[in-house]
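Visitor: I'd like to walk through this one and hear the reasoning behind each label. Can we take it step by step?

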Amino acid sequence: HSSPTRRSSDLTATGGGIIGDILTNEIPSYFRHGALYTTAAFVGAATFVDNYAAIGGALQGNGQAYVLQSLFLANGASALGGAISHYSLNANDALSIRLSTFVENTAGSQGGALYSTLTGNAIPLQIAGSTFLDNSAGTPAYRVIRTFRSTDVRDSLFAGPGGCGSLLTDQGGNVSAATGCV
């Protein structure tokens, strides 16, 4: 018996958002996620445009997540992961991003395009054949990708203001990169 997996193909999510309780200026825990929240997902040929949440403006994943040939454009998070935020306590939960594009996503704190954390001896975050353009975050040192796990980035392009030093920040893992940066 395996856990259910959500599959998405040719999905477009545009202009969704969760702002929260305007009286208390807080976001209830059940409304902190963006256009798609999942515990296991394959997202292919999807487009996420102008979505907003506190955490993971377009996609909040908690478990296995595979993203293929997808576009994340102008999504935002008030805190972490402008386009994608991925959390897990299970070391077997993979996050793999392939042939995808992240443009002008923003986060109020860290990970303009991507924020990923996993505990223990985790499967490395894998990014291949992807493009990251003009993403930003409130903490300049973590403006594109913030990860707390080993990370393997291959055949990917990072471009934007501020130089290459703050494009990929890794805490607690090793970064293996074969990428371009302009």
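**How the labels are earned**

Guide: Sure. This is a predicted model, with a mean pLDDT of 76 for the chain and 67% of its residues at 70 or more. Over residues 1–8, though, the pLDDT is below 50, and that stretch has 13 contacts in the model beyond near neighbours in sequence. Residues 170–176 also stay under 50, with 17 contacts beyond four places in sequence.

Visitor: What should I do with coordinates where pLDDT is low?

Guide: Don't read the predicted coordinates in detail where pLDDT is low.

Visitor: Fair enough. How many helices and strands are in the chain?

Guide: The chain has 20 strands and 0 helices. Of its contacts with a separation of 6 or more, 71% are between residues 24 or more positions apart.

Visitor: Why does Q60 count as buried?

Guide: Buried means under 20% relative accessible area. Q60 has 3% relative accessibility, so Q60 counts as buried. You'll find Q60 in strand 6, residues 59–68.

Visitor: What makes the pairing of Q60 and S85 a polar contact?

Guide: The cut-off is 3.5 Å between N or O atoms. The side chains of Q60 and S85 make their polar contact at 3.4 Å, which is within that limit.

Visitor: And why are D152 and R154 said to meet in a salt bridge?

Guide: Here the side-chain nitrogen of Lys or Arg must lie within 4 Å of a carboxyl oxygen of Asp or Glu. The D152 and R154 side chains come in at 3.1 Å, N to O, so the pair fits the rule. The count by this rule is 1 salt bridge.

Visitor: Are those two partners buried or exposed?

Guide: Neither label applies, because partly exposed covers the range between 20% and 50%. D152 has 22% relative accessibility, so D152 counts as partly exposed. R154, at 38%, counts as partly exposed too.

Visitor: Which residues touch the most other members of the largest nonpolar core?

Guide: Those are F72, I84, I97, F102, L114, I127 and F132, out of 23 residues in that core. Elements giving two or more residues to the core include strand 3 (36–44), strand 10 (95–98) and strand 18 (151–159). Strand 6 gives the most, with 3 residues.

Visitor: What does F72 touch, leaving out residues up to four places away in sequence?

Guide: Among its contacts are F48, V67, I84, F102 and V103. As background, nonpolar side chains tend to be buried together in soluble globular proteins.

Definitions and conventions:
Residues are numbered from 1 along each chain as its sequence is written. This is a predicted model: local features need pLDDT of at least 70, side-chain atom pairs count only at pLDDT 80 or more; totals for chains, interfaces and linings use all residues. Side-chain values use heavy atoms; hydrogens and water are left out. Helices (H or I, at least four residues) and strands (E, at least two) are DSSP runs, numbered from the N terminus. Contact means heavy atoms within 4.5 Å. Buried means under 20% relative accessible area, exposed over 50%, partly exposed in between (1.4 Å probe, protein chains only). A polar contact is a pair of N or O atoms within 3.5 Å; within protein, one must be able to donate a hydrogen and the other to accept it, and residues adjacent in sequence count only if both atoms are side-chain atoms. pLDDT is the predictor's confidence in each residue, from 0 to 100. A nonpolar core is a set of buried Ala, Val, Leu, Ile, Met, Phe, Trp, Tyr and Cys residues joined through side-chain atoms within 4.5 Å.
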